[in-house]
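Got the viewer open? Let's walk through this one stop by stop, with something to select each time.

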Amino acid sequence: MINGQRKRPPLGAVMYFVVAGTLATYFTFAAVQGDHGVFSRVQIMAEAEKLTEERDRLKSEVNELRNRTRRLSDQYLDLDLLDQQARDVLGYTRQDEIVIR
């Protein structure tokens, strides 16, 4: 200290810490909230799980429809399924049945 005055830090050092702090804040914010940040990753993982469940549900539905289609094909004819389809589509009933509407 000369004559009781404090020596100020050089302007370059102050600017260095200001820029470094600004960059650190920006990158921290981007890592948490950015397009590829932690929150986006959690949302993407949740959406992927939901889409996987929907895919599995659709696969089982397709398998069921394939089975029904095969059962009505020329190579394999399921008479019970044919009877059910004729009743549903054409509105057929047997004489010994009672229809309640």
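Start with everything selected and think about burial: only a small share to look for here, as 7% of the 101 residues in the protein chain count as buried. Keep in mind that this is a predicted model. The protein chain exposes about 10,000 Å², and carbon and sulfur atoms supply 58% of that area.

**Whole chain, zoomed out**

Switch to a cartoon view. You'll find three helices and zero strands in the protein chain, running α-α-α from the N terminus on. How does the radius of gyration of the protein chain sit against that of a compact globule of 101 residues? The globule would come in near 13 Å, but the protein chain has 36 Å. Line the view up with the principal axes and the C-alpha atoms fill a box of roughly 120 × 35 × 15 Å.

**Colour by confidence**

Now colour by pLDDT. The protein chain averages 86, with 96% of the residues scoring at least 70. Which element has the highest mean pLDDT, and which the lowest? Helix α2 (residues 38-71) is the highest at 93, while helix α3 (residues 79-90) is the lowest at 82.

**Select residues 12-32**

UniProt, in an unreviewed entry, annotates residues 12-32 as "transmembrane region". In the model, this span is 100% helix and 0% strand. Put a distance on its end C-alpha atoms and you should get 30 Å.

**Select residues 41-75**

Next is another label from an unreviewed UniProt entry: "coiled-coil region", listed for residues 41-75. Here the span is 89% helix and 0% strand, and its end C-alpha atoms lie 50 Å apart.

**Select Leu77**

Leu77 lies in the loop between α2 and α3. Is Leu77 buried, partly exposed or exposed? The call is partly exposed, because its relative accessibility is 49%, and exposed would take over 50%. While you're here, pick Lys7 as well: Leu77 and Lys7 are 70 residues apart along the chain, and 99 Å separates their C-alpha atoms.

**Select Arg101**

Move on to the segment after α3, where Arg101 is found. Arg101 has a relative accessible area of 93%, so it counts as exposed. Add Gln84 to the selection: Arg101 and Gln84 are 17 residues apart in sequence, and from C-alpha to C-alpha the gap is 18 Å.

**Last stop: charges**

Finally, show the charged side chains. The protein chain carries 15 positive and 15 negative ones. How far apart are the centres of the two sets? They lie 16 Å apart.

Terms used: Residues numbered from 1 in each chain as written. Predicted model: local features only at pLDDT ≥ 70, side-chain atom pairs only at ≥ 80, totals over all residues. Heavy atoms only, no water. Helix = DSSP H or I, 4+ residues; strand = E, 2+ residues; numbered from the N terminus. Rg over C-alpha atoms; globule rule 2.2 N^0.38 Å. Buried < 20%, exposed > 50% of the residue type's maximum accessible area, 1.4 Å probe, protein only. Areas by Shrake-Rupley, 256 points an atom, 1.4 Å probe, with all protein chains shown as cover. Lys, Arg positive; Asp, Glu negative; His and termini not counted. Charge placed at Lys NZ, Arg CZ, Asp CG, Glu CD. UniProt positions renumbered as here; feature names shortened; annotations may be inferred. pLDDT = per-residue confidence, 0-100.
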